[in-house]
Amino acid sequence: GIVGGYADGSFRPENNITREQFAKVVANFMGYTEKASLSFTDVDPNGVLTPYVAMCVKEGVISGYTDGTFQGEHHPRSGGNHALPRIQAGHDRNAA
């Protein structure tokens, strides 16, 4: 599915979403499969959510910071509103 729960079987809709989790939701929703190579200094190459970050970076809907970090545990600024136009553009491109 597009949105999953936690390992203990809970869903926790009241929790804030992290940037890594946001990347997973977007990648699943959009059906992304191609990954960019990542050079963020704070992303575990073997992390569970790393492939989704790589997919969103490849599609240009999410990026890192000028200091070379991704800060995946932080919450998206403005609820991800900066990424929404890029997601919509990708959706329109994929629908054509």
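Let us start with Gln 71, which sits in the loop between helix 2 and helix 3, the latter covering residues 84–95. In this predicted model, Gln 71 has a positive phi of about 55°, although it is not a glycine. Is Gln 71 buried or exposed? The answer lies in between: with 22% relative accessibility, Gln 71 counts as partly exposed.

The same loop holds a second residue that deserves attention, Glu 73. Glu 73 is exposed, and its relative accessible area is 59%. Which residues does Glu 73 touch, once those up to four places away in sequence are set aside? They are Thr 18 and Glu 20. Please look at Glu 20 in particular. Along the chain, Glu 73 and Glu 20 are 53 residues apart, yet 6.6 Å separates their C-alpha atoms.

Let me now step back to the whole protein. How many helices and strands does the protein have? There are 3 helices and 0 strands, and the order along the sequence reads α-α-α. A general point about such elements may help here. An α-helix has 3.6 residues a turn, so residues three or four places apart point the same way.

The protein has 96 residues, and buried residues make up 30% of them. The exposed surface comes to about 6,200 Å², with carbon and sulfur atoms supplying 52% of that area. Consider next the contacts between residues at least 6 apart in sequence: 64% of these join residues at least 24 apart. The contact of Glu 73 with Glu 20, across 53 residues of chain, is one example.

I turn to helix 2, which spans residues 50–59. Which residues in helix 2 are buried? They are Thr 50, Tyr 52, Val 53, Ala 54, Met 55 and Cys 56. The cover over these buried residues includes helix 1. Towards the other end of the helix we find Glu 59, also in helix 2, which is partly exposed at a relative accessible area of 27%. Glu 59 and Ala 36 are 23 residues apart along the chain, and their C-alpha atoms are separated by 8.4 Å. After helix 2 comes Gly 60, with a positive phi near 80°.

Helix 2 also brings us to the salt bridges. How many salt bridges does a search of the whole structure find? It finds 2. One of them joins the side chains of Lys 58 and Glu 34, at 4.0 Å from N to O. Lys 58 lies in helix 2, while Glu 34 lies in the loop between helix 1 (19–30) and helix 2, so this pair ties together parts that are 24 residues apart in sequence. Lys 58 itself counts as partly exposed, at 43% relative accessibility.

The other salt bridge is formed by the side chains of Arg 12 and Asp 8, at 2.8 Å from N to O. Asp 8 counts as exposed, with 56% relative accessibility, whereas Arg 12 is partly exposed at 30%. Where is Arg 12? It is in the segment before helix 1. Arg 12 also has a positive phi, of about 60°, although it is not a glycine. Recall that Gln 71 was described in similar terms, with its positive phi of about 55°.

My last topic is the largest pocket. Its volume is about 380 Å³, and 16 residues line it. Which of these lie nearest its centre? They are Val 3, Gly 4, Gly 5, Tyr 6 and Gln 21. What kinds of residues make up the lining? The lining divides into 9 nonpolar, 5 polar and 2 charged residues.

Let us look at Gln 21 more carefully. Gln 21 belongs to helix 1 and is partly exposed, with a relative accessible area of 24%. Leaving aside neighbours within four places in sequence, Gln 21 is in contact with Tyr 6, Asn 16 and Leu 49. Tyr 6, like Gln 21, was named among the residues nearest the pocket centre. Gly 4 was named there as well; Gln 21 and Gly 4 are 17 residues apart in sequence and 9.7 Å apart in space, from C-alpha to C-alpha.

To close, I return to the pattern α-α-α. On this model, I would ask you to locate helix 2 with its buried residues, among them Val 53 and Met 55, then the pair Lys 58 and Glu 34, and finally Gln 21 beside the centre of the largest pocket.

Notes
Residues numbered from 1 in each chain as written. Predicted model: local features only at pLDDT ≥ 70, side-chain atom pairs only at ≥ 80, totals over all residues. Heavy atoms only, no water. Helix = DSSP H or I, 4+ residues; strand = E, 2+ residues; numbered from the N terminus. Buried < 20%, exposed > 50% of the residue type's maximum accessible area, 1.4 Å probe, protein only. Contact = heavy atoms within 4.5 Å. Areas by Shrake-Rupley, 256 points an atom, 1.4 Å probe, with all protein chains shown as cover. 1 Å grid on protein atoms, 1.4 Å probe; cavity = no way out; pocket = protein on both sides within 12 Å on 5 of 7 lines; lining within 4 Å. Points joined across faces, edges and corners; volume = space filled by probe spheres on them. Nonpolar A, V, L, I, M, F, W, Y, C, P; charged D, E, K, R; others polar.
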